[in-house]
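Hello,

Here is the structure you asked about. My notes on it follow below.

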Amino acid sequence: MYRLSAILCAAFLLLTATRSFAGACESGTPTGVDPPVVSHLRAYPWTFNAPTRMALSLDSRLFVTDPERQRVVTRDTAGRITDNRLLEGKPISIAVDSQGLIYVGDGDLGRVRVYSRNWEFLYDLGIGAGEFQLPGAIAVEPGGGRIYVVDSKMHNVSVFSPDGRPDFSFGGAGDGNGLFSFPAGIFIDATNNELYVVDQLNFQVQIFDLNGTYLRCIGGTNASPGSFFGRSRPLNQPQGVWVDSAGRVLVSDAADGQVKVFDRNGNALARIGEFGALPGGLRIPMDLVVDANNRLFVASANNARLEVFGLDDYQDPETVAPGVLAVDPGVLDLDALVERIAVAVELPGYRLDAIAPGTLQVNGLAPISTAAGDVDRDLVPDLTGQFDAAALAQTLPPNGSGRLEARALLNNGLRLEAQAVVEVRSSVFDDDGDGVEDAFDICPDTPSGTPTDANGCSVAQACPCEKSTTVAWRNRGRHLVCMLRAAFRIGDHNQLPRAQLKTLIPRAALRQCGRWKKRHRGHR
């Protein structure tokens, strides 16, 4: 199955027989680094069309671009999906700097946009739209330094100052030794202050200093000119590159469906994965990253998923398997409430029997019954729970948007988490959500989650520290009596245990209120 995110390689398959290639790179003295010990951990198919480029933040959040869906998916170290950001254009490349700023290369409009860690747009590099023909990869110098952008169609690397102004560029079309033929991935090796650039159609990785001076290369071709799938090449169609903490250079080879491992001097060490669709298989691996836990993530574009491998003595902090919820009905009318609410849970990448029986809950409630099927007819099986509508409605606000949160345990020890938003409608309005209708609410602006009495008032609202701007409490005892009576009313209304009543009284009020007897002579 062909996927459009292979844009960085598939458009260049038509090479002429007269095309000349850069010669093979010469390997240096072996550095002594050992080949990695590799363990396949899992696959992430989470609703990707074709994952393309990846980036890691300092807190090990994983950012993945999915250009055809116009999405950037973010996952934390526990495996939880923390964002599924829809962006304008086609987000192809991505980087995150040490300050948490996010850089996204737009393949449609030829620009790199810079966002805050909360996805607030800040500025564009250079002139914005039209600055690049195809921003295929991005790297940021550690410490908030310069930004390096691979322009794949211009065959160069453009360098920008930290404020987004153009600084210099290097490269150009050619056959290696500082020139490129459709460059792809990029990585800054902070240990050696070196820049690795994947030179895709010269079948090599070129290494530069951070000022763009050519140093050496890895790979190259020994095949005859015009032989694109020349199996004698160390790299057949390199795409992504990463240097791990052990000093090994990992390169994703899109044509061979493997990650190839070298030392820094270009000596081959190992190969990870193989072409295929089964778990652990790689079809057009576009990019790769290694996180602080020594886990290798590979974006397998034509398998529409990420593959995860452990390297050497890796750690695996993953505890969450993210799911997808579908709710029927999606709008809850509390004035004509149905008897049952159907909540369908999809768990991409897992069989439904991976969910431990009897562990599924939504908003803390167990289903009345469950059944397997395909409610939304997307060919992905789901587990549908039937929930008591009245009980579930009690966990939602009386009007507006409400959140359903599903949890379950998996047989492999992970925890399923999934969320959905439903719309709640009712002719009964309770703007502050304290359970008292607005028409009868004496205190209509109660802070969210604060217990109230039958009139909708909390202790602080029933017994304000100053009764008014001119009248104060005669003494602290009078104010304390008011608060105690209010706490008892709230406890009776909410059926709270007596031991909990003292928690309703603000400590600040106990210390400060009722001390103005000499200044004000008001009466209770």
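A cavity is a set of grid points where a 1.4 Å probe fits but cannot get out, and its lining residues have an atom within 4 Å of a point. The model is a predicted one.

Cavities: the count comes to 2 of 30 Å³ or more. The largest cavity holds about 70 Å³ of space. Its lining consists of Arg42, Ala43, Tyr44, Pro45, Trp46, Arg75, Glu318, Val320, Ala321, Pro322, Pro348 and Tyr350. By class, 9 of these residues are nonpolar and 3 are charged, with no polar ones. Strand S1 (38–44) and strand S25 (320–322) each give at least two residues to this lining.

The second largest cavity has a volume of about 60 Å³. Among the residues that line it are Leu56, Ser60, Asp76, Asp291 and Phe297. Its lining divides into 4 nonpolar, 3 polar and 5 charged residues. Tyr44, Arg75 and Glu318 belong to the lining of the largest cavity and also to that of the second largest.

Sheet: there is an open sheet of 4 strands, in the order S26-S28-S31-S30, with antiparallel pairing. Strand S26 (324–328) and strand S30 (369–373) are at the edges with a single partner strand each, so one side of each has no neighbour in the sheet. On average, neighbouring strands here are turned by 25° against each other, direction ignored.

Within this sheet, strand S28 (residues 340–346) and strand S31 (residues 382–388) run antiparallel and are joined by 7 bridges. One of the residues involved is Ala344, whose bridge partner in S31 is Thr384.

Regards

Terms used
Residues are numbered from 1 along each chain as its sequence is written. This is a predicted model: local features need pLDDT of at least 70, side-chain atom pairs count only at pLDDT 80 or more; totals for chains, interfaces and linings use all residues. Side-chain values use heavy atoms; hydrogens and water are left out. Two strands pair if DSSP finds at least two bridges between them. Axes are lines fitted to C-alpha atoms, for helices over the stretch in contact, and angles run from 0 to 180 degrees between N-to-C directions. On a 1 Å grid over the protein atoms alone, a cavity is a set of points where a 1.4 Å probe fits but cannot get out, and a pocket is an open set with protein on both sides within 12 Å along at least five of seven lines; lining residues have an atom within 4 Å of a point. Grid points are joined across faces, edges and corners, and a volume is the space filled by probe spheres set on the points. Ala, Val, Leu, Ile, Met, Phe, Trp, Tyr, Cys and Pro count as nonpolar, Asp, Glu, Lys and Arg as charged, and the others, Gly among them, as polar.
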